[in-house]
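Biologist: I should like to go through this model with you element by element, with the cut-offs stated as we go. Could you set out the terms before you use them?

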Amino acid sequence: MTSDTDPNYAVARHPIYHVDGDVFGYELLYRTVGGGNVAAFPSDAEATLAVLANGIHAISQDIAPGKRIFINFSKEILEAGHHRFLDPDRYVIEVLEHVRCDAAFAQLVRDIRASGYVLALDDYVGDPCFDAILPSVTFIKLDILAMKGDPAHLEAVADRCLKLGKTVLAEKVETAEDIAWCRARGIPLAQGYYYSRPQVVTA
């Protein structure tokens, strides 16, 4: 890390897989140095800035050019425009699941999409408050662990996303049964401990 970054921050890479294939891309995650492979979030905004500051480009150099790189963005960071230094052909902007999706934020998301960026909706469980931004996102990350207790709801949410033409990514997959469920429903991408835990990297 360079001297102008906080040495208490690190970045973890969590692979995203084709359900029946190789690595599709990576999600970059905030980590605290010395705290294990976990995140102790000071705030969404600070976590995002930590990932951005701690050598995204250096850390990404050994990732094949064709692999997408996903990064969580808080509402505040998007409003400040800090996403604009990232290459829209390489990086995917993840909208956090607890963002207050009011009319102003929905317009911001539409503007970001119109400027050429690819967006994902993180930890989606079918909350209708996000309906206004669904047309602007390319990837929907389904939190299957959160919906496992209600299989009918999980299937309905997955089916709706697929019918909308979105690329569905099942996250928090932990078992072979989870993968079989994805395969049976035509969900192309998956991420979770079944494949790999996040790997802390430094630059």
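Modeller: Two strands are said to pair if DSSP finds at least two bridges between them; helices (H or I, at least four residues) and strands (E, at least two) are DSSP runs, numbered from the N terminus. This is a predicted model, in which local features need pLDDT of at least 70 and side-chain atom pairs count only at pLDDT 80 or more, while totals for chains, interfaces and linings use all residues. Residues are numbered from 1 along each chain as its sequence is written, and side-chain values use heavy atoms, with hydrogens and water left out.

Biologist: How many bridges join strand 6 to strand 7, and which residue is the bridge partner of Lys141?

Modeller: Strand 6 and strand 7 run parallel and are joined by 5 bridges. Within strand 7, the residue that partners Lys141 is Leu169.

Biologist: On the side of strand 8, how many bridges are there to strand 7, and what is the partner of Ala170?

Modeller: Strand 7 and strand 8 also run parallel, with 3 bridges between them. The bridge partner that Ala170 finds in strand 8 is Ala190.

Biologist: Why can strand 7 be called largely enclosed by the rest of the structure?

Modeller: Buried here means under 20% relative accessible area, exposed means over 50%, and partly exposed lies in between (1.4 Å probe, protein chains only). Strand 7 is largely enclosed by the rest of the structure because, of its 5 residues, the number buried is 4.

Biologist: Where is Lys172, and is it buried, exposed or partly exposed?

Modeller: Lys172 sits in the loop between strand 7 and helix 7. Its contacts (heavy atoms within 4.5 Å), leaving aside neighbours within four places in sequence, include Asp123, Asp143, Asp178 and Gln191. The C-alpha atoms of Lys172 and Asp143 are separated by 6.5 Å, although the two residues are 29 apart along the chain. Because its relative accessible area is 34%, Lys172 counts as partly exposed.

Biologist: Which residues of helix 7 are buried, and within what arc do they fall?

Modeller: In helix 7, which covers residues 176-185, the buried residues are Asp178, Ile179, Trp181 and Cys182. Seen down the axis of helix 7, with the arc taken over the directions from the helix axis to the C-beta atoms, the buried residues line one face, because they fall within 155 degrees.

Biologist: What do those buried residues pack against, and which exposed residues does the face turned away carry?

Modeller: The buried residues of helix 7 pack against helix 5 (144-147), helix 6 (151-163), strand 7 (167-171) and strand 8 (189-191). On the face of helix 7 turned away from its buried side, the exposed residues are Glu177 and Ala184.

Biologist: Turning to helix 4, what length does it reach, and which of its residues are buried?

Modeller: Helix 4 has 12 residues and reaches 16 Å from its first C-alpha to its last, close to the 16 Å expected at 1.5 Å a residue, where the expected span is 1.5 Å times one less than the number of residues. What covers its buried residues includes helix 3 (75-80), strand 4 (91-95) and strand 5. The buried residues of helix 4 are Phe105, Ala106, Leu108, Val109 and Ile112.

Biologist: How many residues has the largest nonpolar core, and which helix gives the most to it?

Modeller: A nonpolar core is a set of buried Ala, Val, Leu, Ile, Met, Phe, Trp, Tyr and Cys residues joined through side-chain atoms within 4.5 Å. The largest has 49 residues, and those with the most contacts inside it include Phe105, Tyr124 and Ile187. With 5 residues, the helix that gives the most to this core is helix 4.

Biologist: How many residues has the other core, which lies apart from it?

Modeller: Among the residues of this other core are Val92, Val118, Leu169 and Leu189, and their full number is 9.

Biologist: Are Cys161 and Cys182 buried or exposed, and how many disulfides does the structure hold?

Modeller: Cys161 counts as buried because its relative accessibility is 1%, and Cys182 is buried as well, at a relative accessible area of 0%. Taking a disulfide as a pair of cysteine sulfur atoms within 2.5 Å, the number that the structure holds is 0.
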